Amino acid sequence: MTADTRARILEAALDTFCEKGYDACVDDIARRAGVVKQTLYHHYGSKESLFREALTGLVHVLLVDLGARSGSLREDLLRFAESFQGQAMSEQGLALHRMLVAESPRFPELARAVYETWQLAGTELARLLREAMARGELREDDPEFAADMLISLLTGTQRDLRLLGMPVECAQRSGRTVRIIDCFLQAYAPAGARKS
C-alpha cells in the first residue's frame, strides 16, 4: 500500500470514527478513502486494528511540542497553554475525548494506551517546570503534580462546556489563558517573590 493510500485510509477512518464512534461502518470508511473494503481488511486485519491505529495517530498529531524555548518561563508556558488548548479544544481533540469515554469499556487497554500517549504533553511540561524549579524561577515542588494541575486548569470547565455543545468564548481572546498562567506562576513563585 502506498503512503498516500495509507494516509487516505487513516484520515477517512478517523473522520468516520469521530462522527459515528466505533459503530461506524467499514464500508463508509472505504468509500471515503476511495478504496475497496478488502483493502482495509488486507492491510489492517480488522476494524478494531484500524480503530486503534487511527486513534493513536490522532493523539500523536495533537501532542504539543515544547522543544523550542524562548528564555522566558512565562512566554514558554503561554505558548504551551495556547497550543495545548488549541489541540484539546479542537474538533478532533474533542472527538478523541468523546470516543475514549464512549469506547473505554470496550477497549480499556486502548484507552489506557491513548491516555498514556496524551500524557506525554504532561511529561514534557513537567520537565520544563522541573528545570525552572532548579533555576529558582519556581518554588521547589512536585513538577508532575504542577504539570497535571496546570493542564487541568487549561481544560477544566471550558472543555466540558464545549462537549455539551454550549458556546465558549475563545480562551486566548478573553484573556483566560493569560490569567491561568499568571495565577499558576503566582502559586509557584519562589517564597520571596510572591505578591501579597
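A residue is called buried when its relative accessible area is under 20%, exposed when that area is over 50%, and partly exposed in between, using a 1.4 Å probe and protein chains only. Keep this definition at hand during the tour.

**Before you start**

What you have open is a predicted model, in which local features need pLDDT of at least 70 and side-chain atom pairs count only at pLDDT 80 or more, while totals for chains, interfaces and linings use all residues. Residues are numbered from 1 along each chain as its sequence is written, and side-chain values use heavy atoms, with hydrogens and water left out.

**The whole chain**

Select the protein chain and colour it by pLDDT, the predictor's confidence in each residue, from 0 to 100. The mean pLDDT of the chain is 83, and 89% of its residues reach 70 or more. Confidence is lowest in helix α10 (residues 171–174), with a mean of 60, and highest in α11, with 94.

Now switch to a cartoon view, where you will find eleven helices and zero strands; here helices (H or I, at least four residues) and strands (E, at least two) are DSSP runs, numbered from the N terminus. Of the 196 residues in the protein chain, 38% count as buried. For contacts, meaning heavy atoms within 4.5 Å, residues 24 or more positions apart account for 68% of those in the protein chain with a separation of 6 or more.

**The largest core**

Next, select Leu-77, Phe-84, Leu-125, Leu-129, Leu-138 and Leu-150, which have the most contacts inside the largest nonpolar core, a group of 26 residues. A nonpolar core is a set of buried Ala, Val, Leu, Ile, Met, Phe, Trp, Tyr and Cys residues joined through side-chain atoms within 4.5 Å. The elements that give two or more residues to this core are α5 (73–88), α8 (120–134), α9 (143–163) and α11 (176–187). Apart from this core lies another, of 25 residues, including Val-26, Val-35, Leu-96 and Met-99. In soluble globular proteins, nonpolar side chains tend to be buried together.

Which residues does Leu-129 touch, not counting residues up to four places away in sequence? Show Leu-129 with its surroundings, and you will find Leu-77, Leu-138, Pro-143, Ala-146, Ala-147 and Phe-184 in contact with Leu-129.

**Two helices beside α8**

Keep α8 selected and add α5, whose axis comes within 11 Å of the axis of α8 and crosses it at roughly 170°. Axes are lines fitted to C-alpha atoms, for helices over the stretch in contact, and angles run from 0 to 180 degrees between N-to-C directions. This crossing makes α5 roughly antiparallel to α8, given that angles under 35 degrees count as roughly parallel, over 145 as roughly antiparallel, 65 to 115 as roughly perpendicular and the rest as oblique. Where the two helices meet, Leu-73, Asp-76, Leu-77, Phe-80 and Phe-84 in α5 face Ala-121, Leu-125, Leu-128, Leu-129 and Ala-132 in α8 as contact partners.

Then replace α5 with helix α7 (residues 108–118), whose axis comes within 4 Å of that of α8 and crosses it at roughly 30°. The helix α7 is therefore roughly parallel to α8. In this pair, Glu-116, Thr-117 and Trp-118 in α7 meet Leu-120, Ala-121 and Gly-122 in α8.

**Four residues to visit**

Stay in helix α8 and select Arg-130. Is Arg-130 buried or partly exposed? With a relative accessible area of 38%, Arg-130 is partly exposed. Arg-130 touches Pro-143 and Glu-144, not counting residues up to four places away in sequence. A C-alpha to C-alpha distance to try in your viewer is that between Arg-130 and Asp-142, which are twelve residues apart in sequence and 8.1 Å apart in space.

Move on to helix α6 (residues 91–103), where Glu-103 is found. Glu-103 counts as buried, at 8% relative accessibility, and leaving aside neighbours within four places in sequence, Glu-103 is in contact with Gly-21, Tyr-22 and Phe-51.

His-97 also lies in helix α6, and with a relative accessible area of 25% His-97 is partly exposed. Not counting residues up to four places away in sequence, His-97 touches Arg-159 and Leu-163.

Finish in helix α1 (residues 3–20) by selecting Thr-16, which counts as buried at 2% relative accessibility. Beyond residues up to four places away in sequence, Thr-16 touches Gly-21, Ala-24, Asp-28, Ile-29 and Arg-32.
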